[in-house]
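Open the model in a viewer and keep the sequence panel beside it. The stops below give what to select and what is there.

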Amino acid sequence: MATEVYRESFERRTKTVRYIRLLEGLADTQVGPLYLGMWGALAFFSYLLCVFITAIGFGEQVGYNPIRFLRELPVLTLYPPPPSQGLRMAPLQEGGYWQLATLFLTLTLVFWTIRIWTRAVANGLRPMVPIAFSAALFLYAAIYIIHPIWVNSWNEAPPHGLRGILLWTNHFSVKYGNFYYNPFHMVSIFALLGSTVILAMHGATILATLAYGAHREIDEIEDSDEGTHRAQLLWRWVMGFNATAYSIHQWALGFATLVAVAGAIGVLLSGPAEPDWFQWGCRAGIVPGLQKACVP
Amino acid sequence: MSSIENDPAPPGAVAVYDEKQRTILRGELVGLVAMTILALGGVIALSMALVDWRAFQGFRAESTYNYAGIQQVDFVEYLRRNNKTLAQPSAEALQAYSAWQQKNPQTVNVQVLTQYLGPEYNTTAKVFEYMSKYFTPGVGQSCEYCHNLENFAAYDKPQKTTAKAMLIMQFELQNKWISTIPRPEGQPLYQLQCATCHYGQAQFWNSVDKNNPTLANLAKFGIAGGGNPTQYDMKHYGITLNGKPPASYEIVDDKLLAARPDAKGEVNYFQVTATKDTPPGLNDTYRNQAAMYHMNVALNVGCDFCHYGGYFKSYVLEDGTFKWPKSQSRHMVGMIQDIAINWFPQMPKVDPARGDLAQPNCWMCHRGNVVPPGAYSPGAGEVPQKVSDPQIRPLVDLPLPAPKLPQK
Amino acid sequence: MLSFEAKYRQEAMAVPARASFGLLKIWIGRFYLGFWGVVALIFGVLGSGAWFWQVLFVDPNRTNNPLLNFIRGQIAPPPPEVGLAITFDGSKGFWWLFVVFCATVTFFAWMMRQIDISRLLKIGYQVPIAFGAVLSSWVTIQIVRPILLGSWSEGFPLGVIAHLDWLSAFGYRYYNFFYNPFHAIGIALLFGSAFVLSLHGATILSAARKKSEGVTEENVNRFYWDFFGYSIGEIGIHRLAFWAAVMCVLMSNLCFVLSGTVVQDWSGFWNFWDYAPWWSGFAFN
């Protein structure tokens, strides 16, 4: 057991440990102990603020009527400020709530990343999980902060709300021509679907070789055993290529990281670098048919 | 736990463990099948119970545009679906008409029909034919609703003044917008008549059906459902009508009313795809999508009915096939703009206390059909006007010279 | 051959042939052949050969840049007026039907081959089950849904960019696919899969090859208890992985097969929510 390196002022764990009987046979049943720590406390409070501001914003829309809140929850949305406000601090009703909520959401994510980092190091692990998480953080920052600042308007950031986030996804694509023609979006989606394939392959392989103990991956990496051998041979015989217990996790991390990084680059290039991805497709010559749809 | 698992397994343990895993997998598969059946059944049940099943029967979103699968719903059939019947002149009115016709075989003071339809409308019988065939079923009222049965030529009812103005509007819109709609060869040219908008109701649809907020009614107006913006949404998108967010978004807003043709004579009411000069912000895109969803619901078609799915801005498919509906719907939005700016504001009202007339929109005539059931389908003998070159017709400059409407 | 492979090949030869044909129990280089391998090879070569031939040499819109042809070329499905008729050579859409048929046979044979190999290696059938989920997606979109709607034209064109165009048009055809609840669940599971994959990969990499420092599974558990409150465990993570990925594909099957057959307007589908019976009795607006 590695030693605790980070000493924190909020250093405490929950005392009770619970067990979920329902999960028996499927997964580990133990819940807790949860570690608090300074970064955990900060993340918790800033997330609480974010939720509180969002709740106030939503509450104003429904007149603080709880039944109306439930009924309209799917379409309740906190919008960013209108384009006329640019990057200014907007009045609360006109996007100020969104700005505050986004600020605290960003802080939460940053604190959470630091928290994972300190916990990983304290438990003697390499900080790979926070590094992987920071890829997602980069995508978040690209969408919510860097792109809006680059185009000089918070209005291009996604609103907060169930329908709002879907509308933004749709409309961002429509505004910049067609995101399917964005090559970085293509790479990102390729990696996203590829991640699911790799996950299914890896999960299925390990489940299939449970009886031989292939799931003890940390041990298998150092000294591979019968289960890992059979798992490797399965893929070698099926498709002529096999990863090892170690390299499959490198593939995993690589693909999953590529999703976020390529997606972030695609978002950042939209607007300043390329306002219309379909026209980019026209110039690249990849539009199917006779390129008739490329209006002059 | 690691210490236990690292121990060598006792003989037989592997087999037992394998058996347990198999049981788990079997349970998971059964649960999966049950979930799928539940989800399928749930959606089908919800759709049958809550979505208007009839609307779906005639629906096929065509990925390539042609009129092959699109039939006009018969007007009588449409009325029957809405639990209405074709209105007929009352017996009393027929009696009064025959007395009037005996007295005046030639028309007295008939102006609009002779001007727009031709000099043959100079006999009372001919005018009666037109009135009973188009006016009565279209507006759903017998002659006495507008006419003084003692004297058919008199203007002593405000309804008659309004009806005359409406008739002028019908012919003017027909000439300016409907007859000039860009269309491929062979596509039939439908015509406006009273029923095209009124659908057998004298009082306008928005004021009647909207006050009866049943689910079916509201769903048809596109008010319910996820696709329409709420008032709060409209406030943020900057959608206003007469300076304030309208109760529900129905295409006519201040931006549409203010839109004027550019130097090329084209009006880009809803253009959103960015160029190098596009100002930042997504609000115009949100407004655009609200308008598009209104058209979806009004015509009961998916977006690719008008658009090339790969690029909404384009007027052609990837193989160069011209998407007629896109230029047609632009043309039609021009008509809505024309009605909203030039016709409705000066329309003489039957009851001035009723406030402003509702704004025109796509649903007003289309009601969930590509071809409005209320549109007049020309006879086989009439050759539709041919437009062979697939150019987008520039919209006629707005505003129009003020139409000549009769004063009360 | 891997260092330990010979032992397992001998073991595999001793497994009695049941579903597979014992005659073809041979390895070509690294690949296991087997009866289903032969089927997959024949139809795979036929199908992909037909696709490349059509796209690179027949497509009337082809350029003289083969890479560009590969990206923008396509085989379009039969036109709507053909309906469900099986067209023959020379008619429009024949090559689409041909490639779809070959691909379906190939995918099925590939799944059977995975079953064979799983048997030879005496391991579970989870891999062919996961592959079957993806196969079900192909069958749903290209075969079941077109049959339900009565026209092969409902299938997607076989081409790199062309199928993206189809996807875009398909979503907007039913008003807005973002309102499709099964699409939403599918996408959530898709992103969830990437998230789980990232977490699992990073976790194992962070603990791997540190035995000399005393790092074991226990450290990973403590790490997850610390920051998340729950550690799903070595078996649990793979079970979660398997079902997240499989459910993602199955949900997308539902979202496709319901569009156009049962539901035409995914936005209007939600109309029921505002007027659901449980809201009655409360005064709104």
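Select A:N152, the residue that follows α4(A); its phi is positive, near 65 degrees. Helices here are DSSP runs of H or I with at least four residues, strands are runs of E with at least two, and both are numbered from the N terminus. A:N152 is not a glycine, and it sits in the loop between α4 and α5 (162-175) of chain A. Most residues other than glycine have a negative phi, and most peptide bonds are trans. A:N152 counts as partly exposed because its relative accessibility is 47%. Buried means under 20% relative accessible area, exposed means over 50%, and partly exposed lies in between, with a 1.4 Å probe and protein chains only.

This is a predicted model, in which local features need pLDDT of at least 70 and side-chain atom pairs count only at pLDDT 80 or more, while totals for chains, interfaces and linings use all residues. Residues are numbered from 1 along each chain as its sequence is written, chains are lettered from A and ligands numbered from 1 in the order in which they are written, and side-chain values use heavy atoms, with hydrogens and water left out.

Step back to the helix itself, α4 (residues 128-151) of chain A. How far apart are its end C-alpha atoms? They are 33 Å apart, which agrees with the 34 Å that 24 residues should span at 1.5 Å a residue. The expected span is 1.5 Å times one less than the number of residues. Now select A:A142, where α4(A) bends by about 50 degrees. The bend is the angle between axes fitted to the seven residues ending at a residue and the seven starting there.

Next, go to the peptide bond from A:G32 to A:P33, which is cis, with omega near 5 degrees. A:P33 belongs to the loop between β2 (30-31) and α1 (37-61) of chain A.

Then select A:F10, A:L36, A:M38 and A:L42 together. They form a nonpolar surface patch with about 290 Å² of accessible area together. Patches are made of residues with over 30% relative accessible area and no salt bridge; like charges are joined within 9 Å, and nonpolar side chains (Val, Leu, Ile, Met, Phe, Trp, Tyr) within 5 Å. Accessible areas come from the Shrake-Rupley method with a 1.4 Å probe, and for residues only the protein chains shown count as cover. Within the patch, A:F10 comes from the segment before β1 (18-19) of chain A and is partly exposed, at a relative accessible area of 39%.

Move to chain B and select B:I251. Is this residue buried or exposed? B:I251 counts as buried, because its relative accessibility is 0%. Its phi is near 70 degrees, a positive value in a residue other than glycine. B:I251 is in the loop between α12 (231-237) and α13 (254-258) of chain B.

Now show the salt bridges, each a side-chain nitrogen of Lys or Arg within 4 Å of a carboxyl oxygen of Asp or Glu. How many salt bridges does a search of the whole structure find? There are 22 over all chains. One of them joins the side chains of A:E24 and A:R21, at 2.8 Å from N to O; A:R21 is exposed, with a relative accessible area of 62%.

In chain C, select C:E5 and C:R9, whose closest N and O atoms are 2.9 Å apart in a salt bridge. Both residues lie in helix α1 (residues 5-14) of chain C, 4 residues apart, about one turn of the helix. C:E5 is buried at a relative accessible area of 1%, and C:R9 is buried at 14%.

Stay in that helix for C:E11, which forms a salt bridge with C:K122, the closest N and O atoms being 3.8 Å apart. This pair links distant parts of the chain, with C:K122 in the loop between α4 (94-120) and α5 (126-149) of chain C. The two are 111 residues apart in sequence and 9.5 Å apart in space, C-alpha to C-alpha. C:K122 counts as partly exposed at 46% relative accessibility, whereas C:E11 counts as buried at 18%. Add A:E226 and A:R230 to the selection: salt bridges that share partners join them with C:E11 and C:K122 into one network.

Finish with chain C as a whole, coloured by pLDDT, the predictor's confidence in each residue from 0 to 100. Chain C averages 90, and 96% of its residues score at least 70. Confidence in chain C is lowest in helix α10 (residues 271-274), at a mean of 76, and highest in helix α7 (residues 181-207), at 96. The chain has 10 helices and 4 strands, and 59% of its 285 residues count as buried.
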